[in-house]
2 protein chains.
Amino acid sequence: MLQALRAQLDLDGRVYFNHGGQGLLPESSLERLIWCYRHWRRCGPFSQQAERLAAEQVQRTREALATQLGVAGSTLSWAESTSHSLNIALWGLDWRPGDGLLVSDCEHPGALAPACRVAERFGLQRQSVALSPAADPLAAVEAALQPNTRLVLLSHVLWNSGRVLPVDQMTRLCRERGVLVLWDGAQGAGVLPLDYSQVDLYASTCHKWWMGPAGTGFLYVSERVRPRLQPTYVGWRSAERYWPDPVWYPDGRAFEVATIPVELLAALEQSLALHAQAGSADLRARAIRDLAGQLWERLKADPQVELLAEQPPEAGLVCWRPKRALTFADLRSRVQWLEARGIFVRAIPQPLCLRASVHYFNTTGEIAALLEALERLD
Amino acid sequence: MLQALRAQLDLDGRVYFNHGGQGLLPESSLERLIWCYRHWRRCGPFSQQAERLAAEQVQRTREALATQLGVAGSTLSWAESTSHSLNIALWGLDWRPGDGLLVSDCEHPGALAPACRVAERFGLQRQSVALSPAADPLAAVEAALQPNTRLVLLSHVLWNSGRVLPVDQMTRLCRERGVLVLWDGAQGAGVLPLDYSQVDLYASTCHKWWMGPAGTGFLYVSERVRPRLQPTYVGWRSAERYWPDPVWYPDGRAFEVATIPVELLAALEQSLALHAQAGSADLRARAIRDLAGQLWERLKADPQVELLAEQPPEAGLVCWRPKRALTFADLRSRVQWLEARGIFVRAIPQPLCLRASVHYFNTTGEIAALLEALERLD
């Protein structure tokens, strides 16, 4: 089964550990996309038939993703990217000047940017919580919460260390204090199964671990929190009627705007089907942890390497710093050297490290190839 | 030249008059898109090389569009659609409660929706101006402007009648009163050349008349108005640096968010090149007016038809009401009947009408085929 999937990725000997950056689009997903472009052009592209086909595709892929996540389709909105999705959530709350917005010090620029902008626009108090490797994230967040804190923005899986935050307990902690948690799920969705009854706002993308095309992100909003979230960017896709005044959809569609490239969602539907065929979400997560754990163990044994996580990985990211790499430029040149040899990892500026994203269909042989190349590099 | 373009549209005898809804994506644009998916996957898809290729493509297509429009690339932001682009402009102004937002009664739901939402959120006074066919739009807008009006939202070409509003004079009228004009250019860009020195905010899309893929829209912001527009949805693409605080780009990039499907922009670059090869913007606009004028004249001679514009079309849209069609459902069924015979027009609910979008490569023979089918229909 995994061989059949790998055969669709045009690997040709390349060793790809960058699904946390962007996933490899399977050939059959790409073929589905191409088919839609040609077929819908032939049916229109603007026609009653094409309109029906596109509307059906949008809903069908929504349901397929909902099934994978274990949620109702009505709780999902399509977005362009994780950042776009975070923006929908951040701008949608009824902020009052002086409200507190708590953000960890490990968030991605794509999350920091909208958090800063919303704070600027609505006169919010920006609050920060340090998630140093040693800190207990629950205790750290609990200590950082202020009486005026209304929202905590945290990554499910920290992009720059691979650490997994405890979603259930964090939600419980914050719900007890009337504080919402907005999860940046860029490195979580498609990797870790999640009990969404313990989640209120989860922003992610399908072009990384789910291996859909770039441009396919989503926002999950719980039914509990949905009435508190207002749409910001809107268009004809957001409202069930427009005259005399728009009536926004009560479900996730309210946060969608207008024309979108539905062909991308057709490709995503196929990628989701391939994952479902490959095994259950639990099985896939276990394979990811096993393989990432192998890499982590081997790096731990290397005295020239400093690992960023003290525990074996619970998700797909493994981050380490070669002790002789002192600058980001140095790390970038190592990445380039590896890239020239068909091995793909990435460099991260803060904290300085290299990052490998291990997917369930990576192999022990690929991990060995990466380690061997790293050895030659040092 | 036009034959070569038409050969790329998979027409196969079909008569397509719906470029105002969605354009036909030329086969060579689609092939370019497919090539990018495969090539960038082979180069990464997440790698230093692929990152460079994608960044170059984003800028190259931006410059190609800027050249077509006759503006500087720095004034353009990529958006997903016209509506998305209108949202960027509407949310980006520093609204105060009680400010007036003037919208014509002929705007598209994709423009009405964000106008209503922004008014709701910031406590604006919604003001309306009727653009009935008989009214002089300049006099009507002048009479509708209130002392508190800060922005007028108008279509360059009215989607539901085909009427063209006088951009230069409207801008002059409003600038004299310190009022901004935000143009919905969905039916203007790719049809009519425009002197952008007389424009401050212009939102449009490239998937209609420019014949790029769905998902490629843009916002033009004049350098004069740029300092007054703040970014709303933001991400890593918006800022030139992030630490300690984001510094937004001074140009159009500030309004872009994060990961976008750059493959679509590669396809658009090819579509833009095909238009440039087909003739100058003036020549193309004249061909559109000539052909649309032929259709308008023939419909005018038909006593069973009521035209929505009293003057020959200045752009690509021709709207008419068959006197025996009394409901939207009736119009939809006519559109369906035509669609089954390979002829594509659309129905519009308000005012009730059929609409043909005539592009420069449509033919006199296609107009005759449409008229003949309409005759059989009645």
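The paragraphs below go through a predicted model, beginning with the contact between its two chains and then turning to single residues, a helix and several salt bridges.

The contact between the chains takes 80 residues from chain A and 80 residues from chain B, and the area buried between them is about 7200 Å², with carbon and sulfur atoms giving 55% of that area. On the side of chain A, the residues that lose the most area to chain B are A:Arg41, A:Phe46 and A:Tyr233, which together make up 12% of what that side buries. Between chain A and chain B the count is 39 residue pairs in polar contact, where both residues have a pLDDT of 80 or more. Several helices of chain A, namely helix H2 (27-43), helix H3 (48-69), H4, helix H5 (109-122) and helix H10 (328-340), each supply at least two residues of the side that touches chain B, and the residues of that side divide into 39 nonpolar, 23 polar and 18 charged.

One residue of chain A shows this contact in detail. A:Ser83 is found in helix H4 (residues 82-92) of chain A, and it counts as buried because its relative accessibility is 6%, under the 20% at which that class ends. When neighbours within four places in sequence are left aside, A:Ser83 is in contact with A:Gly110 in its own chain and, across the interface, with B:Val234, B:Gly235, B:Trp236, B:Val257 and B:Ala258.

Charged pairs also join the chains, and the count between chain A and chain B is twelve salt bridges, while the structure holds 38 salt bridges over all chains. In one of the pairs between chains, the side chains of B:Asp10 and A:Arg42 meet with N and O 2.7 Å apart; B:Asp10 lies in the loop between helix H1 (2-6) and strand E1 (15-16) of chain B, whereas A:Arg42 belongs to helix H2 of chain A. B:Asp10 is partly exposed, with a relative accessible area of 26%, and A:Arg42, at 34% relative accessibility, counts as partly exposed. A network of salt bridges links A:Asp10, A:Asp12 and B:Arg42.

Other salt bridges lie within a chain. The side chains of A:Arg177 and A:Glu142 meet in a salt bridge of 2.6 Å, N to O, and because A:Arg177 lies in the loop between helix H7 (167-176) and strand E6 (180-184) of chain A while A:Glu142 lies in helix H6 (residues 137-144) of chain A, the pair ties together parts that are 35 residues apart in sequence. A:Arg177 is partly exposed, with a relative accessible area of 39%, and A:Glu142 is partly exposed, with a relative accessible area of 39%. In chain B, B:Asp99 forms a salt bridge with B:Arg150, the closest N and O atoms being 2.7 Å apart. This pair links distant parts of the chain, 51 residues apart, with B:Asp99 in the loop between helix H4 (82-92) and strand E3 (100-104) of chain B and B:Arg150 in strand E5 of chain B. B:Asp99 is buried, with a relative accessible area of 5%.

Helix H7 (residues 167-176) of chain B has B:Val167, B:Met170, B:Thr171, B:Leu173 and B:Cys174 as buried residues. These residues lie on the same side of H7(B), because they cover an arc of only 160° around the axis. An α-helix has 3.6 residues a turn, so residues three or four places apart point the same way. The cover over the buried residues of H7(B) includes helix H6 (137-144), strand E5 (149-155) and strand E6 (180-184) of chain B. After H7(B) comes B:Gly178, whose phi is positive, near 70°.

Technical notes:
Residues numbered from 1 in each chain as written. Chains lettered and ligands numbered in written order. Heavy atoms only, no water. Helix = DSSP H or I, 4+ residues; strand = E, 2+ residues; numbered from the N terminus. Buried < 20%, exposed > 50% of the residue type's maximum accessible area, 1.4 Å probe, protein only. Contact = heavy atoms within 4.5 Å. Buried area = accessible area lost by both parts, 1.4 Å probe. Salt bridge = Lys/Arg side-chain N within 4 Å of Asp/Glu carboxyl O. Polar contact = N/O pair within 3.5 Å; in protein donor to acceptor, adjacent residues only side chain to side chain. Nonpolar A, V, L, I, M, F, W, Y, C, P; charged D, E, K, R; others polar. Arc of directions from axis to C-beta.
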